[in-house]
Amino acid sequence: MAFGFSPKHVEEITINNITHTRFYAVAITTAEKLNWNISFLCETGFIAYTKFSMSSWGEEIQVRIMDGKVYLKSECSGSQLFDLGKNKENISDFKSTFNKMKKDFTDAEMDAIYIEIKKGFVPNEEDIFNQTPLSAKEKIKNFFSLFIPTESYFITPILVLLNIIFFIVMVVSGVSIISPDGESLIRWGANFRPVTIDGEWWRFISSCFLHIGIFHLLMNIYALLYIGLMLEPYLGKARFLSAYLLSGIAGSAASFYWHDLTISAGASGAIFGMYGVFLAMLTTNFIEKSARKALITSIAVFVGYNLLNGMKGGIDNAAHIGGLISGLIIGYSYYPSLKNPKQKEFSTIAIGVMSTVILCVSIIILMTTTNSDIAKYDKRMEEFVTLEEKALQIYSMSEYTTNEQYLTEINTVSLINFKNAIELIDEVDKFDLPELVHERNAKMRKYCELRIKSFEILSKAILEGTDEYDEKLEYYNKEIEKIIGQFENPQDL
């Protein structure tokens with residue numbers, strides 16, 4: 001089983017008792033026998049792609065014949081970390097099938113096959129191995145080189161480093177490395193409608209560089225590195241950066257529009273946008289046909305799986321979908337400039353048009369989306385907290401407090417403040433709020449009612465100087481604890 005970025009298996013074999021051209025002829029016939037899609041033919045070798053199946057996401061196979069030796073490589077074209085032995089199996093299948101088929105051809109037949117194959121050779125043989133979708137990964141010599149900008153791989157490592165630096169600064173400031181709380185995320189720039197709508201539009205961008213824990217960060221970094229290595233060499237710096245930022249903004253706008261109270265953060269919207277750009281390119285003839293078939297299947301499976309996984313809850317699928325759709329549109333808008341690289345103005349026009357469209361749509365969403373009274377509700381809830389604190393001051397009174405003082409505190413402070421809290425809840429419950437908040441209000445009202453009943457019983461017990469109400473007091477206290485427990489566990493609300 002191979003592990004890596006991407007997993008691959010490489011072997012070198014020596015040609016014995018067969019010429020270069022005859023080996024080539026049998027090798028091509030072997031690839032056809034194995035039902036591989038052959039492409040990128042040149043004098044020193046060829047590239048083929050396996051077909052998608054339950055055990056394969058479409059591996060890229062390279063066969064290079066140089067100086068009496070053959071270099072065989074099978075590499076995953078999908079985003080998986082493990083290949084479960086598939087790459088090694090591809091090379092093994094090729095060698096065993098080659099040895100069997102070599103015996104079935106005469107020298108004359110092999111020569112005839114080679115003459116026919118030669119008609120499909122590209123003029124510059126090195127181009128086929130340096131310009132395939134996976135070729136950029138060959139320049140990554142070690143783990144650290146993933147984070148070093150190069151000529152054709154410049155923006156991706158910078159974006160990755162910005163995400164990592166942002167996260168490190170958060171953690172150093174005291175934010176949890178595993179599971180940051182909502183307050184911390186909002187403070188650091190998360191996209192949250194009640195706050196974003198209140199003039200903090202920049203959260204559409206800042207949220208794209210903010211992550212909800214180390215695992216969230218690592219998953220997004222891996223996905224960004226994978227798509228960046230393949231896509232940035234095609235797009236170039238300006239197109240790649242603009243696509244990333246615009247997709248991120250579109251994903252944030254979609255999340256803002258769709259969710260009332262979801263705290264949204266992460267590079268997922270932007271990353272889904274880059275996958276959308278690549279999917280758009282793969283549906284055109286910009287990339288060689290056989291390579292397209294292998295890549296479009298693996299990327300479509302990756303995108304589909306993550307979208308389905310996002311439906312189970314706890315994941316902002318709105319940002320994923322918004323980023324993906326915007327990425328598809330951006331990808332198609334870039335196509336004319338990609339097909340005509342000498343026409344520099346095509347690229348500038350495409351970037352300008354897409355920036356205008358996506359920014360205008362995002363501004364419209366920001367300006368027309370209603371706040372559902374959430375901001376007003378939050379401010380009124382601050383009043384509720386103050387009322388509750390005053391009502392519960394009785395529990396911090398001195399041990400030398402007299403019964404008369406307790407009775408005065410209950411009747412003039414505790415009961416009055418909890419009754420005022422109920423009036424406040426009834427007031428805010430008339431606001432335009434999500435159903436979840438209305439349910440929360442009902443539980444808060446019940447909590448206040450239980451507090452009032454418990455204080456009334458306590459007052460009665462003090463007046464009568466008896467402990468016969470202890471059982472009732474214990475019942476109310478347990479009911480109060482149940483409701484408090486529900487507030488501490490949001491899934492119960």
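## A walk through the salt bridges, strands and a charged patch

Searching the whole structure turns up 15 salt bridges. Keep in mind that you are looking at a predicted model. We'll visit some of those contacts, then move to the strands and finish at a patch of charge.

**Stop 1: R22 and D111.** Select these two and show their side chains. They meet in a salt bridge, with N to O at 2.9 Å. R22 sits in helix 1 and D111 in helix 3 (residues 107–118), so the pair ties together parts that lie 89 residues apart in sequence. How exposed are the two partners? R22 is partly exposed at 21% relative accessible area, and D111 is partly exposed too, at 29%. For R22, that 21% sits just on the partly exposed side of the cut-off, because buried means under 20%. Now add D107 to the selection: R22, D107 and D111 are linked in a network of salt bridges.

**Stop 2: R203 and E200.** Jump along the chain to this pair. Their side chains form a salt bridge at 2.7 Å, N to O. Which of the two is buried, and which is partly exposed? R203 counts as buried, with a relative accessibility of 5%, whereas E200 is partly exposed at 25%.

**Stop 3: R445 and E449.** Next, pick out helix 17, residues 435–464. Here E449 makes a salt bridge with R445, and the closest N and O atoms are 2.3 Å apart. The two residues are four apart in this helix, which means about one helical turn separates them. Both ends have some access to the outside: E449 is partly exposed at 31%, and R445 is partly exposed at 28%.

**Stop 4: strand 5 and its neighbours.** Switch to a cartoon view and select residues 69–75, which make up strand 5. This strand is mostly covered, with five of its seven residues buried. Who are its partners? Strand 1 (residues 8–14) pairs with strand 5 in the antiparallel sense, over seven bridges. Strand 4 (residues 60–66) also pairs with strand 5, antiparallel and over seven bridges. For a handy landmark, click on S74 in strand 5: H9 stands opposite S74, and I61 stands opposite S74 as well.

**Stop 5: two positive phi angles.** Stay with strands 4 and 5, which form a hairpin with two residues between them. Which residue in that turn has a positive phi? Select D67, in the loop between strand 4 and strand 5. Its phi is near 55°, a positive value in a residue other than glycine. D67 is also exposed, with a relative accessible area of 79%.

Then go to N17, in the loop between strand 1 and helix 1 (20–33). N17 is another residue other than glycine with a positive phi, this one near 60°. At 84% relative accessibility, N17 counts as exposed.

**Stop 6: the negative patch.** For the last stop, turn on the surface and select E464, D467, E468 and D470. Together these residues form a negative surface patch. One of them, D470, belongs to helix 18, which covers residues 470–488. How exposed is D470? Its relative accessibility is 42%, so D470 counts as partly exposed. Another patch member, E464, has the number that closes helix 17 (residues 435–464), the helix from stop 3.

Technical notes. Residues numbered from 1 in each chain as written. Predicted model: local features only at pLDDT ≥ 70, side-chain atom pairs only at ≥ 80, totals over all residues. Heavy atoms only, no water. Buried < 20%, exposed > 50% of the residue type's maximum accessible area, 1.4 Å probe, protein only. Pairing = 2+ DSSP bridges. Patch = residues over 30% accessible without salt bridge, like charges linked within 9 Å, V, L, I, M, F, W, Y side chains within 5 Å. Areas by Shrake-Rupley, 256 points an atom, 1.4 Å probe, with all protein chains shown as cover. Salt bridge = Lys/Arg side-chain N within 4 Å of Asp/Glu carboxyl O. Lys, Arg positive; Asp, Glu negative; His and termini not counted. Charge placed at Lys NZ, Arg CZ, Asp CG, Glu CD.
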